[in-house]
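Grab a pencil and have a look at the model below. Then try the exercises before you peek at the solutions.

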Amino acid sequence: MDKFTVLNGLVAPLDRANVDTDAIIPKQFLKSIKRSGFGPNAFDEWRYLDHGEPGMDNSVRPLNPDFVLNQARYQGAQILLTRENFGCGSSREHAPWALLDYGFRAIIAPSFADIFFNNCFKNGILPIVLDAAEVDRLFNEVAAQEGYRLVIDLEAQTVTTPSGHVFGFQVDSFRKYCLLHGLDDIGLTLQHADKIRAYEARRRQSEPWVFM
């Protein structure tokens, strides 16, 4: 998992509340358990004018010109700005996989669904909760300024606008540690690899039949 320290990223505004995980990555794409390759199908039903299925050549599919992520000014966005209860619905981990594979490293919203919120941290995405009024301000500024970027400093727990206004945000200290050091659940376990190997060596001596 890539470390998250400071992100200076273009912002894409998704002005919708209660975006569920089936909208983020529709159910027909859940057959694969690989973490990569879902980006082209993120928000598939909103992004394309036809019905998407696994194995299709997305480069030739008709795009919905009204969908925000298809607009030229938001290409390459790494920060998604959205509304309350983002990531609701089923608990599929494919949703953060798709968002990360698309290129998003941070999501800003007034609130998130709990399971989706937890899955973001486990997959290298920083979900940031700001007050609804602060989110409104950001939506207005993004609309008014093409190429609008935010600087997110995880260590300082701040979001800084182009004008220099700073928003503070809260994050659990353990989750912060994991993102700063690029540690998912496997990475955390491997930090104790020496102790695990020592335990296995002792067990091989005391219970050799287990390893036969």
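Here are three short exercises, each with a worked solution.

This is a predicted model, where local features need pLDDT of at least 70, side-chain atom pairs count only at pLDDT 80 or more, and totals for chains, interfaces and linings use all residues. Residues are numbered from 1 along each chain as its sequence is written, and side-chain values use heavy atoms, leaving out hydrogens and water.

**Exercise 1.** Find the order of the strands in the open sheet, and say which ones stand at the edges.

*Solution.* Start with the order: β4-β3-β2-β1-β5-β6-β7, 7 strands with mixed pairing. (Strands are DSSP runs of E, at least two residues, numbered from the N terminus; two strands pair if DSSP finds at least two bridges between them.) Now check the ends: β4 (126–129) and β7 (166–168) each have a single partner strand, so one side of each has no neighbour in the sheet. Finally, zoom in on one pair: β1 (residues 6–14) and β2 (residues 79–82) run parallel over 4 bridges, and proline 13 sits opposite leucine 81 in β2.

**Exercise 2.** Work out why cysteine 120 is in no disulfide.

*Solution.* First, the cut-off: a disulfide is a pair of cysteine sulfur atoms within 2.5 Å. Next, the distance: the closest cysteine sulfur to that of cysteine 120 belongs to cysteine 88, 13 Å away, so it's too far for a bond. In total, the structure holds 0 disulfides.

**Exercise 3.** Decide whether cysteine 88 and cysteine 120 are buried or exposed.

*Solution.* Buried means under 20% relative accessible area and exposed over 50%, with partly exposed in between (1.4 Å probe, protein chains only). Cysteine 88 has 14%, so it's buried. Cysteine 120, at 0%, is buried too.
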